[in-house]
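Trainee: I've got a new structure open and I'd like to practise reading it. Can we go through it together?

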Amino acid sequence: MIVALDHIAIAVPDLDKSISRFLEDFGLNYEGLESVTAAKTSTAFFPIDGTSIELVHPLDGEGPLVGYLEKYGPGLHHICFRTDDIDADVARLKDKGYQFLTDEPSFGAHGTRVIFIHPRSCDGVLIELNEVVNDE
Ligand code: CO
């Protein structure tokens with residue numbers, strides 16, 4: 001079951017510049033950088049009032065975000081819903097005909113399992129589902 005809006009992600013070409021915008025100009029709390037090797041992204045999280053802003057950037061200049069930024073430029077990348085049972089929600093949505101970018105969830109930032117629903121199934125919006133599996 002979907003239980004929260006976990007985060008909203010923005011694809012950024014200059015991570016340091018965008019971090020200083022959210023940290024210094026907007027005054028948000030900065031939780032730090034995390035490398036997500038499965039997705040080849042470098043992510044910066046700014047928690048605010050039960051959700052977070054996530055900045056996503058290619059990890060070491062590689063991965064799918066490189067092509068994404070070349071094709072679409074910087075901007076809103078995805079929204080993420082937190083679920084309390086990702087396997088059940090994936091099965092339920094597959095039954096309804098939703099298409100996913102991968103067959104199975106993989107490991108995401110902050111001890112989560114994540115999977116992305118294809119934008120063509122959601123009015124052009126890339127939607128991530130995550131479940132916290134390691135609440136440290
Ligand atoms: Co995300």
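Trainee: Is Glu128 buried or exposed?

Mentor: Keep in mind that this is a predicted model. The cut-off for buried is under 20% relative accessible area. Glu128 has a relative accessible area of 6%, so Glu128 is buried.

Trainee: Which protein residues are donors of the cobalt ion?

Mentor: Look for the protein atoms lying 2.1 to 2.3 Å from the cobalt ion. Two of them are NE2 atoms of histidines and two are OE atoms of glutamates. Along the chain, the donors follow the spacing H-x46-E-x23-H-x49-E. That gives you His7, Glu54, His78 and Glu128.

Trainee: How many residues apart in sequence are the parts that Glu54 and Glu128 tie together?

Mentor: Glu54 lies in strand E4, while Glu128 lies in strand E8, residues 127-132. Both glutamates are donors of the cobalt ion. So the pair ties together parts whose separation in sequence is 74 residues.

Trainee: What is the arrangement of the 4 donor atoms around the cobalt ion?

Mentor: Check the angles: they run from 81 to 166 degrees. To count as tetrahedral, four donors need all angles between 85 and 135 degrees. With the angles found here, the arrangement is irregular.

Trainee: Which residue in E4 is the bridge partner of Pro47?

Mentor: Start with E3, residues 41-48, where 6 of the 8 residues are buried. E3 pairs with E4, residues 51-58, in the antiparallel sense over 8 bridges. Follow the bridge from Pro47 across to E4 and you land on Ser52.

Note on methods: Residues are numbered from 1 along each chain as its sequence is written. This is a predicted model: local features need pLDDT of at least 70, side-chain atom pairs count only at pLDDT 80 or more; totals for chains, interfaces and linings use all residues. Side-chain values use heavy atoms; hydrogens and water are left out. Buried means under 20% relative accessible area, exposed over 50%, partly exposed in between (1.4 Å probe, protein chains only). Helices (H or I, at least four residues) and strands (E, at least two) are DSSP runs, numbered from the N terminus. Two strands pair if DSSP finds at least two bridges between them. Donors are N, O and S atoms within 2.8 Å of the metal (3.2 Å for Na, K and Ca); water is not among the atoms, so sites may look incomplete. Four donors count as tetrahedral if all angles lie between 85 and 135 degrees; four count as square planar and six as octahedral if opposite donors are over 155 degrees apart and all others between 65 and 115; anything else is irregular.
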